[in-house]
Amino acid sequence: MPESRGGTPGLAESPAVKLLFIGDVVGGIGRRTMASLLPGLRDEHRPDFVVVNGENAAGGVGITEKTAQELLELGADAITLGNHAYRHRDVYEYLDREERIVRPANYPRGSPGHGHTVVERDGVRLGVVNLSGMVFMQAMRSPFSEVDARLAELRDATDAVLVDMHAEATSEKVAMGWHLDGRATACLGTHTHVPTADARVLPGGTAYVTDVGMTGPRGGVIGVKREQAVERFLTLTQVRFETSKEDPWLNAVLVEADGDGRATSIEQLLLRARF
Ligand SMILES: [Fe+2]
Ligand SMILES: [Fe+2]
């Protein structure tokens, strides 16, 4: 059941906007998982917007123009990234050119790509902001002050705002949820690839989850073949990492919001792919 905030049973109006956010798509197996499950999710939930974290879409690390276009063709309205945004040098020009893909907003201003975007469907405008944490991660500016500046820009240009908080530390993500409560429709954590059990709507109307999880092979270690990851931990040597192919799952959240862009529910969707 979705975690709900208020509402009168039986009298609920249809929500003004429904967002489906898909956690880090990992490699070809993740893209295939999304391809196999998204049509059913669309039929069942009728999301107005689908946003996908694609930072691991190309071979498990980073993204390329080809894989980004595949995600868009599969039905993503916007793509967010993270610490692997710049893994493939030949994607830099595409990040500048393609409006629907965003890298962390608190990365250097002159670096490729942009930190937020606005996508529109049927007259509804969704702002999408990507942030990077700073605890155990590299970024140029505080995500807290950065998001304030981005929200100021988006306030009059959007009906709802989704923030992808790509971060390692749970505390930094929880703090960002509170920082954004009542000012963003959703603050959704990514990067750890493991879904957390804390999805809820904060009192001010911001849907929050510490980590959405990943769309990829649960049979590995956050996407990597498990024997390779275990060997590295056992030996501390350099071990070549490949993307696992075992037990693909789609991890996502569905957020519903009212006409003011305030979230009314968030539901985790954790689905096993069968192909
Ligand atoms: Fe990731
Ligand atoms: Fe990441």
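Donors are taken here as N, O and S atoms within 2.8 Å of the metal, and water is not among the atoms, so a site may look incomplete. With that in mind, the predicted model offers a pleasing place to start: the iron ion (ligand 1) and the iron ion (ligand 2) lie 3.5 Å apart, with Glu55 coordinating both. Asp24 lies in the loop between strand S2 (17-22) and helix H1 (27-45), while Asn56 belongs to the loop between strand S3 (49-53) and helix H2 (65-74), so this pair ties together parts that are 32 residues apart in sequence. Both Asp24 and Asn56 are buried.

Turning to the iron ion (ligand 1) itself, its protein donors are Asp24 (OD), Glu55 (OE), Asn56 (OD1) and His193 (NE2), at 2.0 to 2.2 Å. The spacing of these donor residues along the sequence reads D-x30-E-N-x136-H. Angles among the 4 donor atoms run from 90 to 161 degrees, and the site is irregular.

Elsewhere in the model, an open sheet of 6 strands is found, with mixed pairing and the order S6-S7-S8-S9-S11-S10. Its edges are strand S6 (116-121) and strand S10 (200-201), each of which pairs on one side only. Strand S6 runs antiparallel to strand S7 (residues 124-132), and 6 bridges join the two; Val118 stands opposite Gly127 in S7. Helix H4 (residues 143-154) packs on the sheet, where it touches S6, S7 and strand S8 (160-166), and its direction makes about 165 degrees with that of S7. Helix H5 (residues 170-180), in turn, lies across S7, S8, strand S9 (186-190), S10 and strand S11 (207-209), and runs at about 170 degrees to S9.

Terms used:
Residues are numbered from 1 along each chain as its sequence is written. Chains are lettered from A and ligands numbered from 1 in the order in which they are written. This is a predicted model: local features need pLDDT of at least 70, side-chain atom pairs count only at pLDDT 80 or more; totals for chains, interfaces and linings use all residues. Side-chain values use heavy atoms; hydrogens and water are left out. Two strands pair if DSSP finds at least two bridges between them. Helices (H or I, at least four residues) and strands (E, at least two) are DSSP runs, numbered from the N terminus. Contact means heavy atoms within 4.5 Å. Axes are lines fitted to C-alpha atoms, for helices over the stretch in contact, and angles run from 0 to 180 degrees between N-to-C directions. Donors are N, O and S atoms within 2.8 Å of the metal (3.2 Å for Na, K and Ca); water is not among the atoms, so sites may look incomplete. Four donors count as tetrahedral if all angles lie between 85 and 135 degrees; four count as square planar and six as octahedral if opposite donors are over 155 degrees apart and all others between 65 and 115; anything else is irregular. Buried means under 20% relative accessible area, exposed over 50%, partly exposed in between (1.4 Å probe, protein chains only).
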